[in-house]
Amino acid sequence: MKKIFLCCAAGMSTSMVVNKMKKSAEQQGIEVDIIAVGIEEFETTLANYQCCLLGPQIKYKLADFKAIADRENKPIAVIDSMDYGMMRGDKILAEALAMIAQH
């Protein structure tokens, strides 16, 4: 099972993206565990998940979070703002799965 977490300012808007990603995974027969957390939960969540996607609204945190993710050998990226805004769960899921596969 792939384990992905999304991180944003408070975890609210991102939870809608998570639902779209879960629906896409279900349609494709992919087993995933996807959650959304707020910034303050990043470090504690990272250890239990394979990759992290940041909401576009907190892309300013990428450098700080990448340093932590690199120490844990976990991939991290910022979700494309167009995909995020249009709630393209399938594209965001594909990006996360590609990050895990390449790592």
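**Exercise 1. Classify Asp70 as buried, partly exposed or exposed, then find its salt-bridge partner.**

Solution.
- Step 1: Asp70 has a relative accessible area of 45%. Buried means under 20% relative accessible area, exposed over 50%, and partly exposed in between (1.4 Å probe, protein chains only). Asp70 is therefore partly exposed.
- Step 2: The model is predicted, so local features need pLDDT of at least 70 and side-chain atom pairs count only at pLDDT 80 or more, while totals for chains, interfaces and linings use all residues. Residues are numbered from 1 along each chain as its sequence is written, and side-chain values use heavy atoms, with hydrogens and water left out.
- Step 3: A salt bridge is a side-chain nitrogen of Lys or Arg within 4 Å of a carboxyl oxygen of Asp or Glu. Asp70 makes one with Lys66, at 3.1 Å from N to O.
- Step 4: Lys66 is partly exposed, at 38%. Both residues sit in helix α3 (residues 62-71), four residues apart, about one turn of the helix. Helices (H or I, at least four residues) and strands (E, at least two) are DSSP runs, numbered from the N terminus.

**Exercise 2. State how many salt bridges the structure holds, and describe those of Lys3 and Asp83.**

Solution.
- Step 1: The count is four.
- Step 2: Lys3 pairs with Asp33, with the closest N and O atoms 3.4 Å apart. Lys3 lies in strand β1 and Asp33 in strand β2, so this pair ties together parts that are 30 residues apart in sequence. Lys3 is partly exposed, at 28% relative accessibility.
- Step 3: Asp83 pairs with Arg88, and here the closest N and O atoms are 2.8 Å apart. Asp83 counts as buried at 7% relative accessibility. Arg88 counts as partly exposed at 26%.
- Step 4: A network of salt bridges links Asp83, Arg88 and Lys91.

**Exercise 3. Which elements build the largest nonpolar core?**

Solution.
- Step 1: A nonpolar core is a set of buried Ala, Val, Leu, Ile, Met, Phe, Trp, Tyr and Cys residues joined through side-chain atoms within 4.5 Å. The largest has 19 residues. Those with the most contacts inside it are Ile4, Leu6, Met21, Ile34, Leu53 and Leu93.
- Step 2: At least two residues come from each of β1 (2-8), α1 (13-28), β2 (32-38), β3 (51-54) and α5 (89-102). Helix α5 gives the most, six residues.
- Step 3: Another core lies apart from this one. It has 13 residues, among them Cys7, Ile58, Phe65 and Ile68.
- Step 4: Now take Ile4. Contact means heavy atoms within 4.5 Å. Not counting residues up to four places away in sequence, Ile4 touches residues including Met21, Ile34, Tyr49, Leu93 and Ile100.

**Exercise 4. Decide how many disulfides there are, then examine Cys7, Cys51 and Cys8.**

Solution.
- Step 1: A disulfide is a pair of cysteine sulfur atoms within 2.5 Å. The count is zero.
- Step 2: For Cys7, the nearest cysteine sulfur is that of Cys52, 5.3 Å away. Cys7 is buried, at 0% relative accessibility.
- Step 3: For Cys51, the closest cysteine sulfur is also in Cys52, at 7.3 Å, too far for a bond. Cys51 is buried too, at 0%.
- Step 4: UniProt lists Cys8 for "modified residue: Phosphocysteine" (unreviewed entry). UniProt positions follow the numbering used here, feature names are shortened, and annotations may be inferred rather than shown by experiment.
- Step 5: Cys8 lies in strand β1 and is buried, at 2%. Leaving out residues up to four places away in sequence, Cys8 touches Thr14, Val37, Gly38, Ile39, Gln57 and Ile58.
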